[in-house]
Amino acid sequence: MNFSTLAASRYTTKSYDSDKKIPMETILQLKEILRLSPSSINSQPWQFTFVSNETLKGKLAGVSYFNEQKITEASHLVVFSAIDNIPLFERRIQETLPEGSVGYYNQFVKPGSASEIKSWLQHQVYLSLGFFLAACASLEIDSTPMEGIQNEKYKEILNLEHYQPLFAVAIGYRNPEDNNQPSIKAKSRLSYEQTFEII
Ligand SMILES: Cc1cc2nc3c(=O)[nH]c(=O)nc-3n(C[C@H](O)[C@H](O)[C@H](O)COP(=O)(O)O)c2cc1C
């Protein structure tokens, strides 16, 4: 399938077939794709937590507002977190990145406030979300990106140190009757005129 077809056919899945689990080999492929996500100066300020254990997945579902059922039914839940310990991040880039990249960070990012630096770090994690959703579509995996989660409770349940959960993605195989799929509900987007400017 080419990318245009994937973009038109992927959608936010609202109901999963809870009997179908994603094979381990496909999970390994998704992990490798996430590892290859691009980020500014190759900063990679992320951690991805793959949850398939039903008890743990159920706990996270319980602190995910209106997304509870999707998470319960899905095969896996992937939690996307950004590093929130700035000194730790700075030590790591000193050790792993070329001088020029560290120089860029020191000149353009580091002078900002802690909240501006964290925002820059979080932007990188959002970029990996786009990469991941496209990857899922290419592997015929259905997905649900979700900001509707209780981030602090996720941090507690997953026992995350130095990382702040930002959002999660449920992945699996759709319930054939999911009425959010494009064959039932047409995709809704702004018009070309509202989206692009011709100069
Ligand atoms: C960052 C982000 C957060 C989202 N959070 C939720 C969510 O919590 N629950 C949900 O059902 N959909 C969520 N969505 C799905 C969007 O509503 C959906 O992508 C948008 O309506 C376009 O529809 P489509 O993905 O089916 O093309 C989220 C999407 C993104 C990119």
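These questions cover the ligand shell and helix H6 of a predicted model. Local features need pLDDT of at least 70 and side-chain atom pairs pLDDT 80 or more, while totals for chains, interfaces and linings use all residues. Residues are numbered from 1 along each chain as its sequence is written, and side-chain values use heavy atoms, without hydrogens and water.

Q: How many residues surround the ligand?
A: A residue counts as near if one of its heavy atoms lies within 4 Å. The closest are Arg10, Thr12, Lys14, Lys187 and Arg189. The shell holds 6 nonpolar, 3 polar and 6 charged residues (Gly counts as polar; Asp, Glu, Lys and Arg as charged; Ala, Val, Leu, Ile, Met, Phe, Trp, Tyr, Cys and Pro as nonpolar). The number surrounding the ligand is 15.

Q: Which residue places a polar side-chain atom 2.9 Å from an oxygen atom of the ligand?
A: Polar contacts here are pairs of N or O atoms within 3.5 Å. A ligand nitrogen is 2.9 Å from a side-chain N or O atom of asparagine 67. The oxygen's partner is lysine 70.

Q: Which face of H6 carries Glu99, Gly100, Gln107 and Phe108?
A: Helices are DSSP runs of H or I, at least four residues, numbered from the N terminus. In H6 (residues 99-109), Ser101, Val102, Tyr105 and Val109 are buried (under 20% relative accessible area, 1.4 Å probe, protein chains only). Seen down the axis, these buried residues fall within an arc of 100 degrees, taken from the directions from the axis to the C-beta atoms, so they line one face. The four exposed residues (over 50%) sit on the face turned away from the buried side.

Terms used
A polar contact is a pair of N or O atoms within 3.5 Å; within protein, one must be able to donate a hydrogen and the other to accept it, and residues adjacent in sequence count only if both atoms are side-chain atoms. Helices (H or I, at least four residues) and strands (E, at least two) are DSSP runs, numbered from the N terminus.
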